[in-house]
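Hi everyone, thanks for coming. I'd like to walk you through the side-chain contacts in one structure, so please have a look at it with me.

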Amino acid sequence: MKRTIFLFLIFSFSHLLTLTALAGTKDAGTRKVLDATAAHIQKAGGISLQFIATTLSGKTVQGSTSGRMDIMGNKLYMSTPDMLTWFDGKQQWSMQTGDNEVNLTEPTGTELQTLNPYAFLSVYKRGFNYKMKKGTLSNGKEGYKVYLNADNARQDIREMFLEIDNQYNPVRVSIRQGKSHWVRLVVTSFKTGQKFAEGHFTFPTKKYPNAEIIDLR
């Protein structure tokens, strides 16, 4: 199992935008778009989305997967052909499809930033410069293309490319960590106002009575 595919879910498209080598400034217009996007997501309630995720080293694809993700605040459930992941805001359970072993962990702050594809909604407020331009997005809709780069080159997240439509839905998110590790997320379906049952974001022991939980906390 390509673990990096599951501790990332925010992506990169170096070929996506032409916003390279921009001057380091905090553009007021860009900040308004990011603030509006953050407010829209925060008011959306439960979110359910379909995605295609890819990890790259430079421009070389290391792995790719597709799946579904449910988000409520900082809680998350993710399902792909290879793995199921539950995160209740503190603890994370990960189980490979068809396996009876479940890894229980408590993600670090860095891992939390990359676990949720909309973590950038808080990250951009500190330690980043940003610029944008309006135009046609990769899904054919009109919207905003935003480029962010870190103030400090030693930060874990070095740069981000975002595509945000005119309804302030992020449709493509790309992040570079370290020198050349990229994670790219393409959202193919996005639904807000979703209702999730109690316990949706915790491992369902009754559903998997034979599963062995390996505590790695």
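The largest nonpolar core has 14 residues, and please keep in mind that this is a predicted model. Inside that core, the residues with the most contacts are L34, F128, V146, L148, M160, L162 and I164. Where do the core residues come from? Helix α1 and strands β7, β8, β9 and β10 each contribute at least two of them. On your screens, α1 covers residues 28-43, while β7 is 128-136, β8 is 142-150, β9 is 157-165 and β10 is 170-177. A separate core of 13 residues lies apart from this one, and I41, A44, L76 and V187 are among its members. As background, nonpolar side chains in soluble globular proteins tend to be buried together.

Now to the aromatics. How many aromatic pairs does the structure hold? There are eight. One of them is Y147 with F161, a tilted pair with 5.1 Å from centre to centre and 45° between the planes. This pair links distant parts of the chain, since Y147 sits in strand β8 and F161 in strand β9, 14 residues apart. Are these two rings buried or exposed? Y147 counts as buried at 10% relative accessibility, and F161 is buried too, at 4%.

F203 and Y208 are another pair to look at. Their ring centres are 5.6 Å apart and their planes meet at 20°; the cut-off for stacking is under 30 degrees, so this pair counts as stacked. F203 is buried, with a relative accessible area of 7%, whereas Y208 is partly exposed at 22%. Both rings belong to one aromatic cluster, together with Y77 and W86.

Let's finish with charges. Side chains of opposite charge can pair when their charged atoms come close. Searching the whole structure gives four salt bridges, and I'll show you three of them, beginning with helix α1.

There, D35 and R31 form a salt bridge at 2.9 Å, N to O. The two residues are four apart in the helix, so about one helical turn separates them. D35 is partly exposed, with a relative accessible area of 30%, and R31 is partly exposed as well, at 28%.

Next, D70 bridges to R68, with the closest N and O atoms 2.5 Å apart. Here D70 counts as buried, at 0% relative accessibility, but R68 is partly exposed, at 32%.

Lastly, D215 and R217 meet in a salt bridge at 2.4 Å, N to O, and D215 is partly exposed, at 41%. Thanks for listening, everyone!

Conventions: Residues are numbered from 1 along each chain as its sequence is written. This is a predicted model: local features need pLDDT of at least 70, side-chain atom pairs count only at pLDDT 80 or more; totals for chains, interfaces and linings use all residues. Side-chain values use heavy atoms; hydrogens and water are left out. A salt bridge is a side-chain nitrogen of Lys or Arg within 4 Å of a carboxyl oxygen of Asp or Glu. Buried means under 20% relative accessible area, exposed over 50%, partly exposed in between (1.4 Å probe, protein chains only). A nonpolar core is a set of buried Ala, Val, Leu, Ile, Met, Phe, Trp, Tyr and Cys residues joined through side-chain atoms within 4.5 Å. Rings of Phe, Tyr and Trp (its six-membered ring) pair if their centres lie within 6.5 Å; planes under 30 degrees apart count as stacked, over 60 as edge-to-face and the rest as tilted.
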